[in-house]
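Subject: Structure handover

Hello,

Here is the structure I promised to pass on. Please open it and keep it in view while you read my notes.

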Amino acid sequence: FLKGINFKLKLKKLDKESAGITINSENLIEVQSYKPFSLITDISPVNYQVIIPAEYVPKFIDKVIEEYDRNFKYVYGKLPLHIGIITSHYKKPLYVSLKALRRIRRGNINTDKLWQKKDVNEFCQLQKKKLKHATSEELVNKTEEYYSLYFDNPDRKEYQFYIKPDENWKKWISTISEFPLNSQVEIIPNTFDFEFMDTNTRRNDIFYDEKNHYKRALPLKSNRPYELEIYWPKFKEFYEIFKDKNKSAKLHRLIELLYEKAQNYNEAFKPLLASAFVNILELRKDNETLERIQRIFDLNTELDILKALEEKLTEENLKLFIDMFEFWHTAFKGV
């Protein structure tokens with residue numbers, strides 16, 4: 001691949017004219033590949049920390065999800081993945097970010113508090129996307145029947161098994177296909193969290209509430225961490241809307257209002273907030289933005305956009321939109 005390589009470098013010296021040097025395939029002594037990351041910890045199945053340029057973080061998340069789906073598809077919901085992202089200015093002290101990184105990795109937690117009940121129908125949709133990565137050999141060997149087992153099956157089918165050596169953890173386990181359609185399955189969801197270290201004390205915002213499945217304790221950030229499979233596509237929809245710099249002024253006007261109302265949220269704010277979304281983002285004129293907003297908030301497309309937004313602009317969704325702004329604008333300067 002080095003054939004035909006030929007470029008010039010100009011070397012500037014004080015009080016002298018610029019000198020030049022030509023580099024081509026003939027005078028290259030050694031070529032080394034460049035990897036745009038630096039390891040913080042040794043590679044481990046439990047904890048893997050790296051430093052990468054902030055612009056690569058979205059692609060990094062996509063790649064991690066892809067590798068997880070390919071290699072851990074059969075234990076989705078039982079072997080959880082958590083991605084914690086800390087961003088800071090390169091002039092900030094590195095030790096501050098490292099301390100924040102230790103907090104966001106959630107290393108010392110009671111995993112029993114992470115189990116959540118999820119509707120079987122919703123789980124099946126997420127699981128099917130991962131099982132598309134199954135190889136022909138795995139399909140022939142029926143790998144799913146042996147590895148993809150979940151609890152607690154209300155129909156008491158297949159196996160009764162001790163998840164832990166404790167009578168309270170004696171569960172009926174089976175493949176998800178054996179669960180009743182209107183039942184629930186217990187899983188630990190994959191998650192991602194983030195924080196922008198604009199000040200040294202910002203790491204104190206990274207504090208998790210054990211009583212609430214280790215969600216953030218700070219009220220405005222209580223949505224974090226987000227379930228990866230459900231919310232990361234929504235975050236990317238936000239970016240696709242507002243990466244156009246011409247929409248920057250509209251976004252900032254809207255966010256200013258959302259911040260104000262989120263501080264003291266009330267159900268009575270819904271009509272005002274819905275009207276702000278429709279008018280500021282011009283949703284009746286901009287069909288592309290309308291479709292993406294519908295996907296972000298899971299709007300009922302059969303309703304008028306104003307009515308549909310009124311139903312969905314809950315406190316949780318308000319914080320979601322603010323967090324999307326914090327992620328793409330404050331942390332990554334992408335919108």
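Below is what was found, going from the whole chain down to single residues.

**The whole chain**

Remember that this is a predicted model. The chain has 335 residues, and 39% of them are buried. It contains 11 helices and 14 strands. Its C-alpha atoms fill a box of roughly 85 × 55 × 40 Å along the principal axes. The accessible surface is about 20700 Å², and carbon and sulfur atoms account for 50% of that. Now look at contacts with a separation of 6 or more. Of these, 64% are between residues 24 or more positions apart.

**A sheet of three strands**

Find the open sheet with the strand order β7-β9-β8, where the pairing is antiparallel. The edge strands are β7 (149-150) and β8 (159-162), and each of them pairs on one side only. Strand β9 covers residues 170-175 and pairs with β8 over 4 bridges. Two facing pairs help you line these strands up. Gln160 stands opposite Trp172, and Phe161 stands opposite Lys171. On the other side, β7 and β9 pair over 2 bridges. There, Leu149 has Thr175 as its bridge partner. How many residues of β9 are buried? The count is 5 of the 6, so β9 is largely enclosed by the rest of the structure.

**Helix α6**

Next, go to helix α6, residues 228-242. Its 15 residues should span 21 Å at 1.5 Å a residue, and the end C-alpha atoms are 21 Å apart, so the two values agree. Many kinds of side chain are buried here, including Tyr231, Trp232, Phe235, Phe238 and Ile241. Glu237 also lies in α6. Is Glu237 buried or exposed? Its relative accessibility is 15%, which is under the 20% cut-off, so Glu237 counts as buried. Leaving out residues up to four places away in sequence, Glu237 touches Arg292, Arg295 and Ile296. The C-alpha atoms of Glu237 and Ile293 are separated by 7.9 Å, although these residues are 56 apart along the chain.

**Two buried lysines**

Lys261 is in helix α7, residues 248-262. Lys261 counts as buried because its relative accessibility is 15%. Setting aside neighbours within four places in sequence, Lys261 is in contact with Phe269, Leu272, Leu273 and Leu318.

Lys319 is in helix α11, residues 315-331. At 8% relative accessibility, Lys319 also counts as buried. With neighbours within four places set aside again, Lys319 contacts Pro219, Leu220, Ser222, Asn223 and Tyr226.

**Salt bridges**

Side chains of opposite charge can pair when their charged atoms come close. The count here comes to 32 salt bridges. Three of them are worth a look.

Start with Glu67 and Arg70, which meet at 3.2 Å, N to O. They are 3 residues apart in helix α1 (residues 57-71), so about one helical turn separates them. Glu67 is partly exposed at 31%, and Arg70 is partly exposed at 34%.

Then take Lys73 and Glu138, with their closest N and O atoms 3.4 Å apart. This pair links distant parts of the chain, 65 residues apart. Lys73 sits in the loop between α1 and β5 (82-87), while Glu138 is in helix α4 (residues 136-140). Lys73 is buried at 2% relative accessibility, whereas Glu138 is partly exposed at 21%.

Last come Arg216 and Asp193, at 2.9 Å, N to O. Arg216 is in strand β13 (residues 215-216) and Asp193 is in strand β11 (residues 191-196), so the pair ties together parts that are 23 residues apart in sequence. Arg216 is buried at 2%, and Asp193 is buried at 0%. Both belong to one network of salt bridges that share partners, and among its other members are Glu195, Arg202, Lys221 and Asp323.

**A patch on the surface**

Finish on the outside. Phe37, Leu39, Ile43 and Tyr48 make a nonpolar surface patch of about 410 Å². Where is Ile43? Ile43 is in the loop between β3 (38-39) and β4 (50-51). At 65% relative accessibility, Ile43 counts as exposed.

Best wishes

Definitions and conventions:
Residues are numbered from 1 along each chain as its sequence is written. This is a predicted model: local features need pLDDT of at least 70, side-chain atom pairs count only at pLDDT 80 or more; totals for chains, interfaces and linings use all residues. Side-chain values use heavy atoms; hydrogens and water are left out. Patches are made of residues with over 30% relative accessible area and no salt bridge: like charges are joined within 9 Å, nonpolar side chains (Val, Leu, Ile, Met, Phe, Trp, Tyr) within 5 Å. Accessible areas come from the Shrake-Rupley method with a 1.4 Å probe; for residues, only the protein chains shown count as cover. A salt bridge is a side-chain nitrogen of Lys or Arg within 4 Å of a carboxyl oxygen of Asp or Glu. Buried means under 20% relative accessible area, exposed over 50%, partly exposed in between (1.4 Å probe, protein chains only). Two strands pair if DSSP finds at least two bridges between them. Contact means heavy atoms within 4.5 Å. The expected span of a helix is 1.5 Å times one less than its number of residues.
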